[in-house]
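Biologist: I'm new to this structure and would like a close look at one part of it. Could you walk me through some of the strands and how they pair up?

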Amino acid sequence: MLRYVLRRLILTIPVLLGVSFLSFMVIAAAPGDFLDQYRINPSISPQTIERLEKQYGLDKPWYVQYLVWLKEVIRGNFGYSFQYHRPVFEIIWRRLGATLLLSVSTMIFIWSIAPTMGIYAALHQYSFADEAFSVIAFIGISIPNFFFALLFLYFAAKTGWFPIGGIISLNFDQLPWWGKLLDYLWHVVGPVLTLGTAGLAGIMRQMRGQLLDQLRQDYVMFAYAKGMPERNVIYKHALRNAINPIITIFGYNISGLLGGAVLTETVFGWPGMGRLVIEALQSQDLFLVMASLLLSSVMLILGNLLADILLAWADPRVRLRFS
Amino acid sequence: MSEENEVKVKSEDLFEVEYMSRWQLTWRVLKRHRLGMVALWILIVLYLGAIFADFLSPYNPYRQSLTTRFAAPTKIRWFYGGKFVGPYVYPLIKEKDPVSFRTILREGSNLSKIEGVDREGRPFSVEIGKDGVESIVLMVRYRETACSSQGEVTYRKKTEELDIVPLSMVDELLGEGQYVRTYTSSSYVKALTSKYAWKVKKIGSPKTVDVVYELDSVIVSLKNGEVKEIPIASVTDYSLKRYHVKFFVKSWEYKFLWLIPSRIHLFGVDEPAKLYLFGSDSYGRDMFSRILFGSRISLSIGIFAILITFTIGLMLGGFSGYYGGWIDEIMMRITEILMSIPGFYLLIALRAIMPMDVPSHITYFLMVIILSFLGWPGMSRVIRGMVLSLKEREFVQAALAMGFPARRIIWRHIIPNVFTYVIVAATLSIPSYILGEAGLSFLGVGITEPSASWGLMLAQAQNITYLTNYPWLLIPGAFIFLTVLAFNLFGDALRDAMDPRSLGA
């Protein structure tokens with residue numbers, strides 16, 4: 001197992017190199033660079049621009065820039081953001097908090113109800129609740145995030161029950177600690193519901209389908225036939241086997257934790273990673289984009305690895321294949 | 001008897017199974033899937049709407065009309081005076097909100113006939129079209145009175161010409177000769193009276209403001225240029241001009257099916273009335289027409305992108321799965337790298353490479369390329385996996401042993417087996433392309449104004465004041481939702497129908 005994990009981790013390195021090379025190429029290939037906005041500004045002298053070009057290394061061809069950047073990254077220096085004049089990780093760090101708050105809340109929301117809903121629907125197949133859940137699931141899968149977010153904002157603005165965007169209220173600093181918590185929860189409802197509906201639907205349907213598949217298997221019938229109590233048949237046998245794909249999805253969810261949700265963040269004015277990357281991409285803030293993309297990619301790869309490890313932990317058959 | 005019947009049915013089944021083609025069988029199963037069929041019909045209607053968009057649009061989707069910005073969806077009426085008269089609408093008039101100074105468009109109405117008694121006691125009757133009467137305009141006296149417990153004071157008097165009378169006041173104004181609107185909200189009252197504070201002071205702070213409209217006279221213009229003014233004492237009868245919804249009307253020019261120049265549209269109303277089925281946007285463009293034109297982009301982009309994705313996916317995936325070796329190795333590493341970059345960022349980064357200020361048809365083309373670039377790695381990997389496992393199957397091995405060339409084996413033996421999966425996967429992944437386009441356009445990096453796409457139209461609703469005041473801006477979102485839902489439902493049904501286990505049933 002350990003050898004497998006180590007091998008996967010080593011394999012990650014060329015992939016990350018590829019990701020960084022490709023991203024760097026794509027961003028460098030875009031017409032213009034960050035200094036364009038200075039060039040059209042007549043109050044900045046050409047000498048200054050030249051100096052800045054030299055400072056950021058923008059006067060060299062892009063592959064030289066890439067190699068320089070790579071050398072610095074290996075040393076642990078991810079460079080400065082052009083726009084904020086700060087080390088990129090300082091900026092990412094600040095946004096990371098908001099993104100993590102949102103994605104962790106969403107995960108808690110999804111994982112606390114979706115599997116239960118799926119199990120319930122499978123055990124009461126074709127009941128009213130089952131049909132209602134699958135309607136909700138289809139709507140949840142099909143509704144675009146940004147449309148749901150706008151609908152929620154409309155609802156919030158009309159009723160005044162929820163804030164229309166942002167992460168904290170103006171008087172956040174004056175609130176006692178429980179007030180701060182409540183204020184945060186109040187703000188996070190909209191984004192969590194928006195992101196939650198989509199994720200919820202997928203997991204619920206998967207859980208239902210898997211459990212139904214297992215309940216039809218011979219071993220379940222055998223367990224019933226030998227007089228095992230229904231609770232044990234369902235929860236100790238069928239469910240244990242049905243849960244595997246769900247664990248894989250859990251891993252994928254973890255891989256998306258730091259990714260941020262661009263559209264939802266945009267609509268709700270949530271200061272997360274998604275918006276940071278978009279803004280950085282649009283102003284061609286090269287190093288900031290590179291660092292955030294790399295971070296998301298690392299997360300994606302680690303999440304997939306984690307999914308595999310979790311699966312091996314849950315399923316002895318998979319464990320056997322690994323060793 | 002019943003047993004005989006059963007046997008008969010079974011042999012019929014056998015006949016169908018033996019003599020119906022694969023597609024006929026699939027269709028037979030599909031037809032039984034109720035939701036799937038509904039979804040299919042919805043998709044057919046949506047695509048027909050896209051094809052005949054210009055014929056179905058009452059207005060040119062690009063023409064701005066700044067006098068009718070943010071008009072609410074036009075109310076279509078069917079009855080007049082309790083009688084069914086067919087669909088008709090009333091024209092819009094602008095009213096300024098006295099506090100926020102926001103312009104609101106309300107329904108108003110022209111008069112087509114008015115009868116009554118003038119101030120000298122003589123009866124009169126005017127009707128448009130009769131005696132050369134061309135238009136009827138009402139002169140209305142208008143005064144604002146502030147009231148408080150200590151009395152009331154009139155602070156503003158005006159005479160106004162109303163060629164279109166707001167529908168809300170028409171009955172009282174013409175029936176009783178007077179229309180009173182009372183404002184009670186304190187902010188309203190303050191805003192209305194503050195300009196005349198020196199007058200209003202006399203009665204302390206006013207609690208309400210009455211705005212009174214009184215009928216003064218009718219101005220009738222005749223065809224020969226003559227204008228007559230009739231001072232009114234009372235009105236005995238009147239009727240409102242109705243703008244009927246007409247079918248196959250002539251208006252703006254387009255090319256039917258991109259070929260035949262035409263001016264005929266399915267429906268429309270005469271000016272100055274407007275028929276905005278879904279309201280109008282911030283430039284006063286008809287949302288209904290724009291949604292139809294937007295569907296051309298939003299609905300086709302997914303199809304084109306999926307076609308390209310699948311061609312690439314089938315070719316590369318099939319190739320690397322069938323031949324394996326170092327080609328396979330390189331290909332899989334490339335797909336791995338592409339799949340390790342979060343999708344939406346890659347989408348935007350790729351868009352950033354492409355020039356921004358190009359004509360919209362080139363933007364469209366670029367978006368198709370970007371979207372299919374994003375989709376091919378996943379597709380290739382799945383197809384590669386399927387080809388890998390198919391290669392080991394007996395029938396392929398047999399074909400190999402018989403010495404068939406690789407091309408024949410790939411085309412005749414492997415592709416048909418992958419194809420079922422491909423069709424289902426295509427249907428189920430079209431929504432992600434539609435959402436990709438909508439998302440990019442929503443962020444302002446996709447299709448750009450003045451072209452229409454559903455995502456771009458929805459971007460207007462990002463402004464929270466627009467969103468709360470003009471909720472019809474959300475309608476394009478409902479169309480995205482409906483389309484994605486229909487594709488998902490239909491794809492689901494298709495998956496069931498294509499499953500060989502369900503064919504005999």
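**Strands in chain B**

Modeller: Happy to, and keep in mind that this is a predicted model. Let's start with an open sheet in chain B: three strands make it up, in the order E1-E2-E13, and their pairing is antiparallel. At its edges sit strand E1 (77-80) and strand E13 (243-244) of chain B, each of which pairs on one side only. Now look at strand E2, residues 83-89 of chain B: with E13(B), strand E2 forms an antiparallel pair over two bridges. If you want a spot to zoom in on there, find B:Val89, which stands opposite B:Tyr243 in E13(B).

Next, move along to strand E14, residues 246-256 of chain B, which pairs with E15(B), again in the antiparallel sense, over seven bridges. Here you can pick out B:Val249, whose bridge partner in E15(B) is B:His265. E14(B) and E15(B) make a hairpin with three residues between the strands, and in that hairpin B:Leu257 takes a positive phi near 55 degrees.

Let's finish on one residue of E15(B). B:Ser262 has its place in this strand, which covers residues 260-268 of chain B. Is B:Ser262 buried or exposed? B:Ser262 counts as buried because its relative accessible area is 18%, and the cut-off for buried is under 20%. And what does B:Ser262 touch, leaving aside its neighbours within four places in sequence? B:Ser262 is in contact with B:Trp252, B:Glu253, B:Tyr254 and B:Phe256.

Methods: Residues numbered from 1 in each chain as written. Chains lettered and ligands numbered in written order. Predicted model: local features only at pLDDT ≥ 70, side-chain atom pairs only at ≥ 80, totals over all residues. Heavy atoms only, no water. Helix = DSSP H or I, 4+ residues; strand = E, 2+ residues; numbered from the N terminus. Buried < 20%, exposed > 50% of the residue type's maximum accessible area, 1.4 Å probe, protein only. Contact = heavy atoms within 4.5 Å. Pairing = 2+ DSSP bridges.
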